[in-house]
Structures are given as C-alpha cells and as structure tokens.
Amino acid sequence: MNIPGGAFWVGNAHETYENEENPRFRTRVAAFCAAPTEVTVAEFEACVKAGHCRGVDSTNKTCNSSAKGRADHPINCIDYEQATAVCTELGGRLPTEVEWEYLARGGAEMREFPWGSGPADERLCWKNHQSCPVKSFAANAFGLYDVAGNVWEWTETPFSAHPWPAEGGSRRIVKGGGWSRRFEKWLSPTLRNREDPKKNGSHLGVRCVASLPGAECPYGQEAAGRCRFGIDEVECGGGLAWNGVRCAKPNETERCPAGTHEQPGHGCVRERIAGEAGASDLDLSAVSRSRSPEVDADCATNQPSRPHAYRYAGGEHLARNAVGKADGCKNRDVGVGWNSSCCP
C-alpha cells in the first residue's frame, strides 16, 4: 500500500514512563510503501526454501512455523537478522520507528490507536493464547491490517532518547503489541518497546516497507540514497527551548554542548576522543560515517551479529579502523579513502 508522505507529531504530548515518548516532536515523512499485512508463515518459509532466510530454530508451540495450519498467520519467533532478511527477499526493508508510527496513526490524522479511539476488544488479536490469521480484523486508515496486536513488529531503529535517532545501539525498537497483551497501553503507537536483536520470542514478527522511487526527501538524502531524518519543532518543556538541534536553556549560545558536535540527521553527537578504543593519537575528526543499506544482505550473511552496512570515509586508514572498532563494527571491504563495514 502506498503511504503518502506528510508532517506529523511523533511521541506523546503528556509525560510517560521514564519520559521515553517525550519530548514530542514534529517531523516530515517521505512517501513510502508498506505491506498490508505482517509477513506470513508461508512467505517466510518460501524465503527459507530459496536459501535466503535462516529458518526458525524454536519448536515452541506458540511458534507458528512449527504448527500445522498456520500458513496465513504472521511469522513469529524471528530475530532482527531474520526479519531483515525476509524483507530483503520480498523487495523491501524494515521500517524506521517514525515510519511505523506514521503508518499506525494514519499519518496527519494522529489517531490514538490504529483503529481510531474506543475500546480495543473485537478490533485486533490480543488477550489470546496464540496469534490469529492475518486480516482477521478491519484495516486501519491506510488499509493495513494487524498494525496493533497479533505480533510485535521489528523496526530498524536503535533505541535512544527522543528526539534524534542514534547511529547505533544494542537494542532495536519493536512496535504494536502482540497477541498475549492484556492492557491497552501496549497497543499505543507511541509506545517504544525494544528488544535485543538476537531475541526471537513468539511475540516477535515483522511488516516490511519499501522506499518509493522518486519520493521527495523533506530533509535531503544520506550518501546511501536513503532519506535523512529531520525535525521541525520540539515541545521541550522544563523551561527549555528548541535551538534547532537540542532542547537548551534560553541563555545557552552553543548549539551543541561541549564534547559533542552537530551531525545532520542525528543532532549533537559525542566527540570521539584520541586514545579511545585504541585510537592512540590518531586524528579521528576527518572520518565520516554513512549507511550503505544496499549491502546489508552481505553483512547479514557473513556477519549475522553485525547486519548493517556502513561506509567510513576520510582520514587515515588506521583512523577509520579505530572509529569503526569503537562502533563495534568489522571491516567488510576497504579502498582508497574508505572502509565498508558491518555494524550492530
């Protein structure tokens, strides 16, 4: 289904648990395409048969691939690597957290839940002993099924504090709630749950999206061709004001605090320190990092724990090695002035 781009507010206007959904911020999303359903058992097993996906290794009775008659249920018991692989096989990718929240809330409609408002009963697969066949309940505003309930859906976004996405992280955000949830708070599109990428519980599945060729990127493109993330406005609170990159005190003149630098798409990023992670006295300031999603599949195959491809450019070869090592990456390939690396 084509999802038209637009502006909307991400997060919650009210304070939430540990303020994980705060501060709320306004951004613009490029048009993209989203699968109408979560990836089914049949689709995933076809990927396994083709040799492009690693099979589910759990025989738990709530894992749909190990049960008969569940070909039209969502695939579950898959980790982040398997979710990435099946989306690649289907010609797509994992959604970002912001894309997922946008598709779940009906974009600028800013729905409280994917179905709108009101009680959740009879609207989705929840408070159940197992998942349900896809399309068992009505679609949302964009014609997407099971956006809430059935299985939690992996996103590509590492968990970090709002509003900027981190460059990397040990946990990935999952959204939507699952078949076993009993409280409506878990179904909220703004809720930010996260999992270890190696986790493959029966609550975890995936919905794939794809970038639309020619779609306008509101904030420009990254080097790898993906749309850059950006922010138009933030509800800072606490007497702070948005200065374009962070919530700061009104009398602060520096856009970023000491020890950080401004990086497009990521806000204020901590400076790398000479001597950190074996950097010694190398000059790391000339090294830049950008995503290379076109070779993610190679990383996922050869470095399963580091399935995301990045390109390190500029500076000396040893400096690029030091920066990549500090990020937990392994070199995939090297050339004159650049390193291709597989990262967590």
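Good morning. I begin with helix α2, residues 80-89, which is mostly covered, with 8 of its 10 residues buried. Please keep in mind throughout that this is a predicted model.

The buried residues of α2 are Tyr80, Glu81, Gln82, Ala83, Thr84, Ala85, Val86 and Cys87. In general, an α-helix has 3.6 residues a turn, so residues three or four places apart point the same way. In α2, the buried positions include Ala83, Thr84, Ala85 and Val86. What do the buried residues of α2 pack against? Their partners are two helices, α1 (41-49) and α4 (296-302), together with the strands β5 (152-158), β6 (172-175) and β16 (308-313).

Both ends of this helix deserve a remark. At its start, Asp79 places a side-chain oxygen within 3.2 Å of the backbone nitrogen of Glu81. Following α2 comes Gly91, with a positive phi near 85°.

Strand β16, one of the packing partners of α2, leads me to the sheet. This is an open sheet of 4 strands in the order β15-β16-β18-β17, and the pairing is antiparallel. Which strands stand at the edges? They are β15 (288-291) and β17 (330-335); each has a single partner strand, so one side of each is left without a neighbour in the sheet. On average, neighbouring strands here are turned by 25° against each other, direction ignored. Looking at one pair in detail, β15 and β16 run antiparallel and are joined by 4 bridges. Arg289, for example, has Tyr312 in β16 as its bridge partner.

I turn now to internal space. Rolling a probe the size of a water molecule over the atoms shows where empty space is left. In this model there is 1 cavity of 30 Å³ or more, and the volume of the largest cavity is about 110 Å³. Its lining comprises 13 residues, and those nearest its centre are Pro114, Arg123, Ala138, Asp146 and Val147.

My last subject is Trp186, which is found in the loop between β6 and β7 (193-195). How exposed is this residue? Trp186 has a relative accessible area of 23%, so it counts as partly exposed, given that buried means under 20%. Leaving aside residues up to four places away in sequence, Trp186 touches Trp152, Gly176, Gly177, Arg181, Leu191 and Asn193. Val245, by contrast, lies 59 residues from Trp186 in sequence and 30 Å from it in space, C-alpha to C-alpha.

To close, I return to the starting point: α2 is mostly covered, and β16 is among the elements its buried residues pack against. Thank you.

Technical notes. Residues numbered from 1 in each chain as written. Predicted model: local features only at pLDDT ≥ 70, side-chain atom pairs only at ≥ 80, totals over all residues. Heavy atoms only, no water. Buried < 20%, exposed > 50% of the residue type's maximum accessible area, 1.4 Å probe, protein only. Contact = heavy atoms within 4.5 Å. Polar contact = N/O pair within 3.5 Å; in protein donor to acceptor, adjacent residues only side chain to side chain. Pairing = 2+ DSSP bridges. Axes fitted to C-alpha atoms, helices over the stretch in contact; angles between N-to-C directions. 1 Å grid on protein atoms, 1.4 Å probe; cavity = no way out; pocket = protein on both sides within 12 Å on 5 of 7 lines; lining within 4 Å. Points joined across faces, edges and corners; volume = space filled by probe spheres on them.
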